[in-house]
Amino acid sequence: MTDDLIATAGEYVAGLMSPEEQEAFERRIATDGEARRAVADWRTRLLALDETATQLTPSEGLWPAIEAAVGAARPEPAAEPGWFARIWQDVSALRLATLAGAAAALVMAVLLVAQPFGAGGARPAVVAVLNAPNTGEAGAIVEAFADGRIRVVPLRAIPVPEGRVLQVWTLWDRQVGPRSVGLMERAQARDYATSGMPRPANQQLYEITLEPAGGSPTGRPTGPILYVGRGATPL
Amino acid sequence: MVAVSVDLKDALARCAGGDKAALRMIYDSECASMIGVAARIVKRRELAEEVVQEVFVKIWRNAHRYDPGLGPAKAWIYAIVRNQAINTLRSGRREDLVDEVPEDAGSAVEAYAAAERLPDGNALRRCLEGLEARRRTSLLMAYVDGFSHGEIAGRLGLPLGTVKAWIRRSLLALRECMG
């Protein structure tokens with residue numbers, strides 16, 4: 001491990017990076033196992049400092065508030081309008097992403113009306129714009145069809161290092177957990193045939209992570225999220 | 001306070017499976033410390049609780065992302081706490097705080113106390129003590145108080161470049177000392 005990586009990972013863990021530096025370094029983490037280990041190493045080494053904090057008894061309302069926030073994320077995604085907003089707040093610095101995503105979704109909706117995708121002009125049940133968690137830049141469009149077909153269209157070059165693969169996931173129910181849609185060896189538009197999933201719903205989560213070649217060994221996302229977004233029913 | 005011994009790794013795995021009781025176990029075990037860590041950064045008790053509330057939502061949603069191969073669950077959890085606290089400050093609420101925290105208030109800087117509270121014989125403590133005092137303080141002001149380079153430079157009356165260079169060198173010295 002180079003001195004530069006050790007110092008840079010330390011700066012990252014200490015929260016010293018500007019948003020731009022942080023974004024660049026998180027991209028590096030996404031594709032560089034050594035950088036990921038350097039970060040984990042600092043977190044482990046410096047944990048003792050967190051343990052020196054004075055314990056502050058939570059006020060009585062805290063657990064009920066957590067339970068309410070968490071509980072709201074549990075039911076059917078479509079039934080909970082507040083969920084969408086909270087998810088976005090959830091990931092840091094995503095305020096702009098929501099706007100960018102909404103704008104991109106609008107563009108897509110217009111494109112879809114002008115030029116329907118799919119065989120026989122079938123329209124997707126759900127369209128999602130996937131954005132980078134840190135910059136909010138749009139990285140891919142997902143169109144999910146009622147028959148289980150899912151089309152993923154990257155909007156920009158996504159670097160895939162040797163020995164790694166992009167993996168597309170969807171989550172419609174926390175109880176079930178994220179399900180793999182399929183692998184993408186390199187960034188290019190692809191159609192996936194899926195089965196055993198419910199009809200795509202409004203607010204359904206889609207994401208692309210970077211995984212070891214062959215796909216996540218655990219059947220759940222293990223790598224960093226490169227792009228994530230929620231589906232919306234096209235007008 | 002009753003010490004609750006919880007296997008956090010196991011609790012995260014159960015959270016990933018949708019077991020809310022496991023989230024409550026993490027809360028019972030860690031919440032008071034988490035508020036303490038957040039409060040050192042945001043400097044305000046009620047804001048610290050807001051931060052911790054968001055952290056628990058993140059833990060719940062992201063528990064399946066925790067990779068035991070990359071260190072203890074506790075380190076993963078507290079990284080989320082500090083990250084959320086710093087983001088809360090930098091997303092526009094910091095301006096409110098400047099008025100409330102006098103710039104010269106020594107009590108507003110938690111870095112000193114944190115180092116002193118590390119257990120005797122702790123490798124991190126020993127190695128921090130090996131650093132020149134102001135360099136040690138610079139590093140701790142970043143990690144413990146969540147200060148930016150500029151804030152540290154301002155508080156210590158040092159050029160920005162000096163603080164940046166000191167912290168990088170201190171990190172390398174720390175790492176070498178801890179082995």
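In chain A of this predicted model, strands β7 (residues 205–212) and β8 (residues 225–232) run antiparallel to each other and are joined over five bridges. One residue pair to look for here is A:Thr209, whose bridge partner in β8(A) is A:Ile225.

Zooming out, β7 and β8 belong to an open sheet of eight strands in chain A, laid out in the order β5-β4-β7-β8-β1-β2-β3-β6, with antiparallel pairing. The edges go to β5 (179–184) and β6 (190–193) of chain A; each has just a single partner strand, so one side of each is left without a neighbour in the sheet. The sheet is not flat going from strand to strand: neighbours are turned by 25° against each other on average, ignoring direction.

Chain A also has a helix pair worth a look. The axes of α1 (residues 3–13) and α3(A) come within 9 Å and cross at roughly 60°. The two helices are therefore oblique to each other, and α1(A) passes α3(A) in a right-handed crossing. On the α1(A) side, the contact is made by A:Leu5, A:Ile6, A:Ala9, A:Gly10, A:Tyr12 and A:Val13, while α3(A) brings in A:Glu34, A:Ala35, A:Ala38, A:Val39, A:Trp42, A:Arg43 and A:Leu46. Sorted by class, the residues of this contact come out as 10 nonpolar, one polar and two charged.

Helix α3(A) turns up again on the other chain, this time around α7(B). Eight of the 11 residues of α7(B) are buried, so this helix is largely enclosed by the rest of the structure. The buried ones are B:Arg136, B:Thr137, B:Ser138, B:Leu139, B:Leu140, B:Met141, B:Ala142 and B:Tyr143. What covers them includes α3 (33–50) of chain A, along with α5, α6 (123–129), α8 (149–156) and α9 of chain B.

That leads to the interface as a whole, where 52 residues of chain B are in contact with 43 residues of chain A. Several chain B helices each supply at least two residues to the side that touches chain A: α2 (20–42), α3 (45–62), α4 (73–100), α5 (111–117), α7 (133–143) and α9 (160–178). Of these, α2(B) gives the most, with 11 residues. By class, the side of chain B that touches chain A holds 27 nonpolar, 12 polar and 13 charged residues.

Key. Residues numbered from 1 in each chain as written. Chains lettered and ligands numbered in written order. Predicted model: local features only at pLDDT ≥ 70, side-chain atom pairs only at ≥ 80, totals over all residues. Contact = placed C-beta atoms within 7 Å. Helix = DSSP H or I, 4+ residues; strand = E, 2+ residues; numbered from the N terminus. Nonpolar A, V, L, I, M, F, W, Y, C, P; charged D, E, K, R; others polar. Pairing = 2+ DSSP bridges. Axes fitted to C-alpha atoms, helices over the stretch in contact; angles between N-to-C directions. Buried ≥ 20, exposed ≤ 12 C-beta atoms within 10 Å, placed from the backbone. Parallel < 35°, antiparallel > 145°, perpendicular 65-115°, else oblique. Left-handed = near helix turned anticlockwise from the far one by under 90°.
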